[in-house]
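Trainee: I should like to learn how the features of a structural model are read. May we work through one together?

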Amino acid sequence: MKAKLITALLAATLATAQAQPQARKGPEIGFLGGPGAMIFYRPFEKDATLPMSGGLAGLSMQYNFTKIVALRSEINYERKGALSQLNFNGNNGQNGYSANVVYNRLHYITVPVMAKLSFGRRVQFFTNIGLYAGFKVKATETVSSTFIGVGDGALSTNRERNDITPTVAKVDGGLVTGIGLTTHFAKRASFLFELRNNLGFADIHTAAANSLKQHNNATYMLFGFAFNLSKNER
């Protein structure tokens, strides 16, 4: 009797495990997006820029060769950039102190291609590594200035926005790395959470405007949804 009960419990457990949604082979499509922190950097040097907010949104395409190995590509719209603080004594010949904050916002269409390794069944932990190419859409620079006069303490502020698209290189590119987890539900659907870093290798400035070489670096917190197109159960 005891042996029959144990056998029945094992059979029920196996049936439940098989009924639970799991990773599937074949193609899948989806979308993803999320906020991020951006900065400009110079290799092996300390840069004066500070992080600023940005974001990513796009469509994903993935082919699962096995339940572990996949090839993933995306088409994303990204807003990158950085901010810097420039302080001066004097302003237009006046005696005082000027504090300026410069916001650089660079907009790209990016296409990453990544190898993806996943581990687990219903909940999978994964890692991505690959390369991306970015194509400039537009670029703006916003300068927010505050001037404090000495003696009278007069305070004046000014905000000016400029189009710097011609001074930014048309193409960007670099390394993509990421870690995260995927939760499968229903039969073919899944949710994704990922921490991703895009490390640029290309100088963001054009040759004519390149007085100081700088590169993009963006770190994202991404959320996504995917749907597997394969009718195969495995």
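Mentor: Let us begin with terms: helices and strands are DSSP runs, numbered from the N terminus, and a strand needs at least two residues. In this predicted model, threonine 183 lies in strand E7, which covers residues 171–185.

Trainee: How many helices and strands does the protein chain have, and which pattern do they follow?

Mentor: The chain comprises one helix and nine strands. Along the sequence, the pattern reads α-β-β-β-β-β-β-β-β-β.

Trainee: Is threonine 183 buried, partly exposed or exposed?

Mentor: Buried means under 20% relative accessible area, and exposed means over 50%. Threonine 183 has a relative accessible area of 30%, so it is partly exposed. For the whole chain, 39% of the 234 residues count as buried.

Trainee: Which residues does threonine 183 touch, leaving aside those up to four places away in sequence?

Mentor: A contact requires heavy atoms within 4.5 Å. On that basis, threonine 183 touches Arg122, Val123, Ala189, Ser190 and Phe191. Separation in sequence and distance in space should be read side by side: threonine 183 and arginine 121 are 62 residues apart in sequence, and their C-alpha atoms are 8.9 Å apart. Across the chain, among contacts between residues at least 6 apart in sequence, 68% join residues at least 24 apart.

Trainee: Where is alanine 186 found, and what is its phi?

Mentor: Alanine 186 is found in the loop between E7 and strand E8, the latter spanning 189–200. Its phi is positive, about 55°, although alanine 186 is not a glycine.

Key:
Residues numbered from 1 in each chain as written. Predicted model: local features only at pLDDT ≥ 70, side-chain atom pairs only at ≥ 80, totals over all residues. Heavy atoms only, no water. Helix = DSSP H or I, 4+ residues; strand = E, 2+ residues; numbered from the N terminus. Buried < 20%, exposed > 50% of the residue type's maximum accessible area, 1.4 Å probe, protein only.
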